[in-house]
Amino acid sequence: MKTVYKDVVRVDLAIMELDQRERRLFVGSIEGDVVAVDVFSGLIIGTYSKHTLEISLLLYNEQNNLLITGGWEKKIKIHNDTQHLERI
């Protein structure tokens, strides 16, 4: 194991997704939280609108800088991720 990051989200993780450059890790929790973590520092560099239930889908579209999230409440949210790109 190379690195361990603690306290990325306040509850259990449900799903994770790396961006194509493998510099950001998107994390979804069982309570609907979605955050972006800098892989090199472990710092949270972005938060996204929360779902009401567990995250079941994380998909990052690098070409359009979109993070697509889905939750068990049967909603899909499309987030514009351009604001978080400048932080890494």
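At 16% relative accessibility, Asp33 counts as buried, where buried means under 20% relative accessible area, exposed over 50% and partly exposed in between (1.4 Å probe, protein chains only). The side chain of Asp33 meets that of Lys50 in a salt bridge, with N and O 3.1 Å apart; a salt bridge is a side-chain nitrogen of Lys or Arg within 4 Å of a carboxyl oxygen of Asp or Glu. This pair links distant parts of the chain, with Asp33 in the loop between E2 and E3 and Lys50 in the loop between E4 and E5, 17 residues apart. Lys50 itself is partly exposed, its relative accessible area being 39%. Helices (H or I, at least four residues) and strands (E, at least two) are DSSP runs, numbered from the N terminus.

The structure is a predicted model, in which local features need pLDDT of at least 70 and side-chain atom pairs count only at pLDDT 80 or more, while totals for chains, interfaces and linings use all residues. Residues are numbered from 1 along each chain as its sequence is written, and side-chain values use heavy atoms, with hydrogens and water left out. The predictor's confidence in each residue, pLDDT, runs from 0 to 100. It averages 88 over the protein chain, and 92% of the residues score at least 70. Among the elements, E6 has the highest mean pLDDT (96) and helix H1 (residues 82-85) the lowest (66).

By the salt-bridge rule the count comes to 4. Arg24 takes part in a salt bridge with Asp19, the closest N and O atoms being 3.3 Å apart. Arg24 also meets Asp81 in a salt bridge, at 2.3 Å from N to O. Because Arg24 lies in strand E2 and Asp81 in the loop between E7 and H1, this pair ties together parts that are 57 residues apart in sequence. Salt bridges that share partners thus join Asp19, Arg24 and Asp81 into one network. The members of this network are buried: Arg24 has a relative accessible area of 0%, Asp19 one of 2% and Asp81 one of 0%.

Turning to the strands, two count as paired if DSSP finds at least two bridges between them. One open sheet has 4 strands in the order E1-E2-E3-E4, with antiparallel pairing. Strand E1 (13-18) and E4 stand at its edges with a single partner strand each, so one side of each is left without a neighbour in the sheet. Neighbouring strands of this sheet are turned by 20° against each other on average, direction ignored; the axes are lines fitted to C-alpha atoms (for helices over the stretch in contact), and angles run from 0 to 180 degrees between N-to-C directions. Within this sheet, E3 and E4 pair in the antiparallel sense over 4 bridges, and Val34 stands opposite Tyr48 in E4.

Another open sheet is formed by 3 strands in the order E5-E6-E7, again with antiparallel pairing. Its edge strands are E5 and E7, each pairing on one side only, and the twist averages 15° from one strand to the next. E6 and E7 are joined by 6 bridges, with Leu66 opposite Asn80 and Ile68 partnered by Ile78. These two strands form a hairpin with 3 residues between them, and Lys74 in the turn has a positive phi of about 70°. Lys74 is exposed, at 79% relative accessible area. Asn65, in the loop between E5 and strand E6 (66-71), likewise has a positive phi, near 55°, but is buried at 17%. Most residues other than glycine have a negative phi.

The largest nonpolar core holds 9 residues, among them Phe26, Val34, Tyr48 and Tyr60; such a core is a set of buried Ala, Val, Leu, Ile, Met, Phe, Trp, Tyr and Cys residues joined through side-chain atoms within 4.5 Å. Strands E3 (34-38), E4 (44-48) and E5 (55-61) each give two or more residues to this core, and E5 gives the most, with 3. A second, separate core of 6 residues includes Val8, Leu25, Val27 and Val35.

Aromatic pairs number 2, rings of Phe, Tyr and Trp (its six-membered ring) being paired if their centres lie within 6.5 Å, with planes under 30 degrees apart counted as stacked, over 60 as edge-to-face and the rest as tilted. The rings of Phe26 and Tyr60 have their centres 4.9 Å apart and their planes at 20°, so the pair is stacked. Phe26 in strand E2 (residues 24-29) and Tyr60 in strand E5 are 34 residues apart. Ring pairs link Phe26, Tyr48 and Tyr60 into a cluster.
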